[in-house]
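Please open the model in your viewer and keep the sequence panel at hand. We will go from stop to stop, selecting a few things each time.

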Amino acid sequence: MEGNVKLITDDGLRLDGRSSNEMRPIKLQTGVIEKADGSAYIEWGANKVVVAVYVREAYPKHAQNMDRAIVKARYSMAGFSVEERKRPGPDRRTMEISKVISEALSSAIILEKLPRAEVDVFIEVLQADAGTRIASLTASSVAIADAGVPMRDLVVGCTAGKAGGKIVLDLSKDEDNYGEADIPMAILPRTGKVVLLQIDGDVSPEEFDEATSMIVNAMKDISKIQRDALMKTYSIEGGE
Amino acid sequence: MPMDSNAVISEIKKGVILESLKNGKRLDGRAINDFREVKITENYIPKASGSAMVELGKTKVVAGIKIEEGTPFPDSPDNGVMALNVELLPMAFPTFESGPPSEQAIEFSRVVDRGIRESKVIDTSKLVIESGVKVWMIFVDIDILNYDGNIIDACTMAVVAALRSAVVPASKLGKEDFKLPVNSTPVSVTMAKIGDELVCDPDLQEEQVSNGRITITMSEDNHIHAMQKGDVGEFSLEEIRKAIKTSCDTGSGLRKELFKVN
Amino acid sequence: MKYLETKEIVYPGDRIEINDLRPRNGIYEDDSQYFSEYFGVIQKSEKFIDIAPFNSPYLPRVNDKVIGKIMDIGPTMWTVDINSPYYSLLHINDTPWHVNAGDLTRYLAAGDFIYARISVSNEIKESWVSMRDTGMRKLEKGQVILVKPPKVPRVIGKGGNMINLIKSETDTKIIVGQNGFIWIDGEPDNVNIAINAIKMVEREAHTVGLTDRMGEYFKKLKGGN
């Protein structure tokens, strides 16, 4: 199938009309799950993801860490989230994603402030359209800030990759399926440190540089969307 | 998880490892980018379609391949199928447990799988028996027998060695057995971040003091086919670029030494 | 949409200029620079600079007077939800009653609310509450609502002026637990007005001139009746 799909049109644009460094539109909102300590909802292109955060004593008791919190992200996909029904429950892919998201969030949270606790991050992908792990992570870090868990920074994620021989930002589903490489990455913007990075496919070291600098450039916009989402929850209409 | 003294590194040991690294030395005398001694025993399991045992220092793994007939995935009727699984056997380390695979085992499996798959080691289009109906399925199972750090690289080596020796049992279908067509020789290089250093092929103690791991799998084209930042830890982009270069250099060396491929 | 005047808002990781002040709550240091741990507002006093988060979990502090909900009952103690990630414990000896071991439900059953003082709390956030102080008791009748723990000081107001205003304007009895649980008792209509007022304070806690605005709110409410 690969190679049969032309991912870059003759005028150099992508199939959905975007230029190589253009992201899909992102909408982000906090305070969407009333019972949760913090929550967020993100629409990233056609991806739709809900995140709820609960902070509580780790259970069972022997799982508690006396000097810091444990972060447990659980990435899950709704049965109806993909073309063919996904069987509910964890599988190898979702378990790996849960692990790398938990690890990335652990770098952002000041874990020592919450000894014995567990920060549960429940991620439900309602509709998947490439880039769900990065959309989930971006929303999770906002949900955690919404919960008032002490953090060093808000983690920002984005994907770049190679499609039709070109390095492009924020892969679409087609580019993800038929392209040459997929590079999800997340950083802590203040220090520029990478906390999530995976690659599969085929990129040269030079192409990797090109892709990562594209992602780094996009971070500022995503950061702003995260901040605006938090701000919106707390700004109130005044006067009459 | 059972408690065990092996799983907890002493503070004194931590201090020694960090102090020694400041002088560019590792406790076993290796330089930062050195791998431990690698021993590959090919055809270790003659009953398998292909196999290899790899000893990477004291880490010991066996990869065995079974090639069987099966149905192709509906969305790729003209490709054979590969499935890869890493088993962290309870015998290999006191805190490894039997039962369903842990998150850790799954991550290892998937990282090794991506390195092999994306390097296109196996040309799956040559594994079709009857288009859309019957293809050869390559089942790769890797048993971890002893764990002393860096499971990912030991597994990648074992899988590549096993695939290179694998034979497709076509005689079952009245045809002639043929060697599994192998197109590339990926090598994964895993580095642990210890203090400000990235050390290649960390042993168990080094893993226990590290803050994050990064695995980069490249093939003889010197392109990146899989990368994985694992465990809690942070890397600067500069460190990642350095890691890519290390993977490229160290990986080529290993490829030449272990597989006689340039 | 017009926004009320707000204090300076910061996000996790934002650099905080501390000048001559001492950084205290909600601020971490990295390489001799200071950064916010929360999404919240900067609060400066004569000596200190704090980040007051818009939301944060309640963490037990000794001598805080809290409202707790009985969750579980053991042979000699109750497990108490203090609106925190961490449960608190109440021992039979720390109650105003003479309770025999194994006979706890006669005094407090699951779902009951108590007003109690955090008597012990340690580094790992384990805590005990005591009811052996004046005013500490089981809360009968009334309603318990929840506000975000960081908003509690604003609900109380300087010297209690905000909560006293709400109490007198609505003719209700109110106990504000420092953990964010608030107990309100009175005529049902009055209780509802008090709840609305408290929710308004919670929503607008980070704005300037709130006490005045609440005064006007009640004035308008009376004018309307």
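## First stop: a hairpin in chain B

Select β2(B) and β3(B): they form a hairpin with two residues between them, and B:G57 in the turn has a positive phi of about 60 degrees. The names of helices (H or I, at least four residues) and strands (E, at least two) refer to DSSP runs, numbered from the N terminus. The model is predicted: local features need pLDDT of at least 70, side-chain atom pairs count only at pLDDT 80 or more, and totals for chains, interfaces and linings use all residues. Residues are numbered from 1 along each chain as its sequence is written, while chains are lettered from A and ligands numbered from 1 in the order in which they are written.

Stay on the hairpin and show the backbone. Strand β2 (residues 50-56) and strand β3 (residues 59-70) of chain B run antiparallel and are joined by seven bridges; strands count as paired if DSSP finds at least two bridges between them. Strands of a sheet pair through backbone hydrogen bonds, either parallel or antiparallel. Pick B:G50 and look across to β3(B), where B:I65 is its bridge partner.

Now add strand β6 (residues 134-146) of chain B, which pairs with β3(B) in the antiparallel sense over 11 bridges. Which residue of β6(B) stands opposite B:I65? Label B:V140 to see that partner.

## Second stop: chain A as a whole

Hide the other chains for a moment. Chain A has four helices and nine strands, and from the N terminus on they follow the order β-β-β-β-α-β-α-β-β-α-β-β-α. Its C-alpha trace spans about 55 × 50 × 35 Å along the principal axes.

How does the radius of gyration of chain A, 18 Å, stand against that of a compact globule? For 240 residues a compact globule would come near 18 Å, so the value for chain A agrees. The radius is taken over C-alpha atoms, and the globule rule is 2.2 Å times the number of residues to the power 0.38.

Try colouring by burial: 54% of the 240 residues in chain A are buried. Buried here means that 20 or more other C-beta atoms, placed from the backbone, lie within 10 Å of the residue's own. As for contacts (C-beta atoms, placed from the backbone, within 7 Å), 70% of those in chain A between residues at least 6 apart in sequence join residues at least 24 apart.

## Third stop: the five-stranded sheet of chain A

Select the open sheet with strand order β1-β2-β3-β5-β4 (chain A), in which the pairing is mixed. At its edges are β1 (26-30) and β4 (70-77) of chain A, each pairing on one side only. From one strand to the next, the twist averages 15 degrees.

Within this sheet, zoom in on strand β2 (residues 38-44) and strand β3 (residues 47-57) of chain A, an antiparallel pair with seven bridges. A:A40 has A:V51 in β3(A) as its bridge partner.

Then bring in two helices. Helix α1 (residues 92-108) of chain A packs on the sheet and touches β4 and β5 (117-127) of chain A, with its direction at about 145 degrees to that of β4(A). Helix α4 (residues 205-234) of chain A also packs on the sheet, touching β1 and β2 of chain A, and its direction makes about 35 degrees with that of β1(A). Such angles run from 0 to 180 degrees between N-to-C directions, with axes fitted to C-alpha atoms, for helices over the stretch in contact.

## Fourth stop: where chains A and B meet

Show chain B again. The contact takes 25 residues from chain A and 23 residues from chain B. On the chain B side, the elements giving two or more residues are α2 (103-118), β12 (224-230) and α5 (237-259) of chain B. The largest share, seven residues, is from α2(B).

Next, select strand β9 (residues 193-203) of chain A together with β12(B): they pair in the antiparallel sense over four bridges. A:V203 has B:I224 as its bridge partner there.

## Last stop: chain C

Show chain C, where 26 residues are in contact with 30 residues of chain A. Finally, select its open sheet of three strands, in the order β13-β15-β14 (chain C), with antiparallel pairing. For a closing pair of labels, choose C:V144 and C:W183 in β15(C), which stand opposite each other.

How values were computed:
Buried ≥ 20, exposed ≤ 12 C-beta atoms within 10 Å, placed from the backbone.
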